[in-house]
Amino acid sequence: MGLRHAGAPVVMTGSTTALSPSRRGLHVITWGCQMNVYDSARMSDVLRPLGYQSVDAPEAADMIILNTCHIRDKAAEKVFSELGRLRKIKEARKEEGAQTIIAVAGCVAQAEGQEILTRAPYVDIVLGPQTYHRLPEMVARAARAGGAVIDTDFPAEQKFDFLPDAAAPQTPGNYTAFLTIQEGCDKFCSFCVVPYTRGAESSRSVTSVLAEARRMAESGVKEISLLGQNVNAYHGEGPDGTVWGLAQLANALATIPGLSRLRYTTSHPRDMDDALINAHRDLPALMPFLHLPVQSGSDRILRAMNRGHTADEYRDIVRRLRDARPDLALSSDFIVGHPGETDEDFEATMQLVRDVTFAQAYSFKYSPRPGTPAAGAPLQVPEDVKDARLQALQALLRQQQDAFNAALVGQTIPVLFTGEGRKPGQIAGRSPWLQPVHVSGPRHLIGQELPVRITERLTNSLGGTLVEETVYA
Ligand code: SAM
Ligand code: SF4
């Protein structure tokens with residue numbers, strides 16, 4: 001698993017049955033990481049008691065939320081261009097006598113709050129990632145005052161304590177769910193906006209995480225992905241008053257009946273402690289796939305990035321993880337063209353990739369983010385050099401991903417079936433390493449974890465056959 005990075009937005013859809021007169025339509029557009037996907041689901045939860053129900057088309061929505069990402073590129077520009085489109089919809093609906101509330105949420109809202117209201121005065125609500133539990137109040141204020149409401153505080157209260165119980169398992173499906181356990185970051189990497197937009201690191205209490213996980217399991221969820229900007233820096237208050245780390249939390253989660261798969265993302269190498277490495281050895285529920293961003297293989301650049309570890313320390317963590325769980329595969333994030341990166345530094349990144357080998361990875365050109373230390377640093381790398389490095393890195397990473405997938409052909413692996421496949425008569429699920437797997441099989445097997453013999457490698461997925469097919473038919 002990794003972050004679904006800024007780019008094409010994800011439109012959250014839900015129940016789209018015709019709305020009763022007392023119901024109001026809600027359309028949420030989500031950019032960015034899985035934490036934003038989780039936040040969008042929780043914003044829908046918060047608004048449900050007000051009668052808001054998900055609709056597919058913005059034209060049918062009484063409220064539209066843009067949940068935004070600020071991590072790279074011209075994220076804010078994408079939001080303004082989407083807002084331009086929504087303005088026309090709002091005006092057309094107004095002519096028909098319908099009101100449309102437009103809210104901008106997430107990290108662009110946090111970073112550019114006032115600017116949004118200046119450039120798009122038809123926006124009704126601007127709210128940061130830490131205040132969405134206050135949405136009902138903001139909706140009421142926006143309706144009452146007729147003016148814009150802006151709330152980009154970092155409130156003292158934890159929003160999780162004020163959210164209603166998640167009503168249903170969240171995306172991506174009925175049998176898998178995201179659960180945010182930690183937010184914010186105190187690490188201040190040179191290139192990153194997260195500490196500024198998401199605020200200081202904080203963890204939910206163990207009791208509240210376990211309660212949400214139990215509710216998810218009771219509603220049929222089998223696989224939970226724990227989320228956090230630095231999820232393995234988790235330090236939640238335990239029921240006994242002591243501070244629990246992620247390993248202790250994972251041990252407790254693994255005892256919940258019905259939960260057979262646990263994942264966590266995104267981890268920082270500095271927080272990969274012995275207890276967590278041992279949890280990979282001791283907990284079969286902890287899936288053998290870890291997203292562990294390294295960003296660069298050059299010690300010089302890692303230092304400039306303020307990552308707090310060397311390339312060899314990363315190699316050593318990976319070695320210990322693989323000793324603990326030999327089938328563990330890795331995913332990572334890389335940035336090419338950080339200010340000051342030379343050809344030698346880039347070669348060190350390529351060497352680290354060759355040494356470690358990744359099953360999957362995300363790689364990006366460095367994108368200067370306003371207000372971060374690297375944005376003003378000397379020796380910015382020219383765009384064409386970044387392009388060439390990115391292409392070379394991605395070619396190597398693709399080769400490794402292909403090799404990893406090819407090695408699964410002929411093996412029998414457990415697949416958690418989560419829905420129908422693309423072709424009629426197919427069902428689809430996820431491998432332990434998160435690849436989509438398609439087989440021919442009956443629908444009633446959806447929701448089960450079953451052995452599948454992998455027979456082919458497709459572009460972005462694997463094909464296979466159910467083992468003991470006749471038993472399942
Ligand atoms: N906390 C995680 C970590 O420390 O590895 C990463 C969180 S960040 C939201 C996700 C990824 O976006 C980073 O790992 C990094 O590769 C990428 N990223 C962040 N800022 C970037 C920037 N200014 N330019 C390019 N990529 C960036
Ligand atoms: Fe950003 Fe670094 Fe914090 Fe990750 S650890 S969220 S890259 S500042």
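Me: A strand here is a DSSP run of E with at least two residues. With that in hand, in which strand is Asp 151 found?

Reply: Happy to start there. In this predicted model, Asp 151 is found in strand β7, which covers residues 149-151.

Me: Why is Asp 151 called buried?

Reply: Its relative accessible area is 9%. The word buried is kept for values under 20%, so Asp 151, at 9%, earns it.

Me: What makes the side chains of Asp 151 and Arg 134 a polar contact?

Reply: The pair is 2.8 Å apart. The cut-off for N or O atoms is 3.5 Å, with one atom able to donate a hydrogen and the other to accept it, so 2.8 Å is within it. Asp 151 is also in contact with other residues beyond four places in sequence, including Val 126, Leu 127 and Met 138.

Me: And how far is Asp 151 from Arg 320 in space?

Reply: The two C-alpha atoms are 44 Å apart, and 169 residues separate the pair in sequence.

Me: Let's turn to the ligands. How do you know that Gln 229 makes a polar contact with ligand 1?

Reply: A backbone N or O atom of Gln 229 lies 2.7 Å from a nitrogen atom of the ligand. The limit is 3.5 Å between N or O atoms, so the pair qualifies. Ser 367 likewise uses a backbone N or O atom, 2.8 Å from a nitrogen atom of ligand 1. Asp 333 uses a polar side-chain atom instead, 2.6 Å from an oxygen atom of ligand 1. Taken alone, ligand 1 exposes 560 Å², and the protein buries 94% of that.

Me: Which residues come nearest to ligand 1?

Reply: Out of 19 around it, those are Gln 229, Gln 295, Arg 307, Asp 333 and Ser 367. The shell divides into eight nonpolar, six polar and five charged residues. Strands β16 (329-336) and β17 (360-365) each supply at least two of its members.

Me: How does the shell around ligand 2 divide?

Reply: Into seven nonpolar, two polar and two charged residues. Among its members are Cys 185, Cys 189 and Cys 192, along with Lys 187, His 268 and Arg 307. Cys counts as nonpolar under the scheme used, so those cysteines go into the nonpolar group.

Me: Back to Gln 295. What is notable about its phi?

Reply: Gln 295 has a positive phi of about 70 degrees, although it is not a glycine. Gln 295 is found in the loop between β15 (289-291) and α9 (299-304).

Me: Why is Gln 295 called buried?

Reply: At 7% relative accessible area, Gln 295 is under the 20% line, so the label fits.

Me: What makes Thr 357 count as partly exposed?

Reply: Its relative accessibility is 38%. Partly exposed is the range between buried, under 20%, and exposed, over 50%, so Thr 357 belongs there. Thr 357 lies in the loop between α11 and β17 and has a positive phi of about 65 degrees without being a glycine.

Me: Why is Leu 379 called exposed?

Reply: At 68%, Leu 379 is over the 50% cut-off, so exposed is the right word. Leu 379 is found in the loop between β17 and α12 and touches Pro 339 and Gly 340, not counting residues up to four places away in sequence.

Me: How do you know that the reach of helix α12 is close to the expected value?

Reply: Helix α12 (residues 383-408) has 26 residues and reaches 37 Å from its first C-alpha to its last, against an expected 38 Å. That expectation is 1.5 Å times one less than the number of residues. Just after α12, Gly 410 takes a positive phi of about 100 degrees.

Me: Which elements do the buried residues of α12 pack against?

Reply: They pack against β16, α11 (343-356), β17, β18 (412-420), β21 (449-457) and β22 (462-466). Among these buried residues are Leu 390, Leu 393, Leu 396 and Leu 397, as well as Lys 386 and Arg 389.

Me: One more: why is Thr 197 called buried?

Reply: A relative accessible area of 2% is under 20%, so Thr 197 is buried. Thr 197 lies in helix α5 (residues 194-197), and its contacts beyond four places in sequence include His 70, Cys 107 and Phe 154.

Key
Residues are numbered from 1 along each chain as its sequence is written. Chains are lettered from A and ligands numbered from 1 in the order in which they are written. This is a predicted model: local features need pLDDT of at least 70, side-chain atom pairs count only at pLDDT 80 or more; totals for chains, interfaces and linings use all residues. Side-chain values use heavy atoms; hydrogens and water are left out. A residue is near a molecule or strand if one of its heavy atoms lies within 4 Å of it. Accessible areas come from the Shrake-Rupley method with a 1.4 Å probe; for residues, only the protein chains shown count as cover. Helices (H or I, at least four residues) and strands (E, at least two) are DSSP runs, numbered from the N terminus. Buried means under 20% relative accessible area, exposed over 50%, partly exposed in between (1.4 Å probe, protein chains only). Contact means heavy atoms within 4.5 Å.
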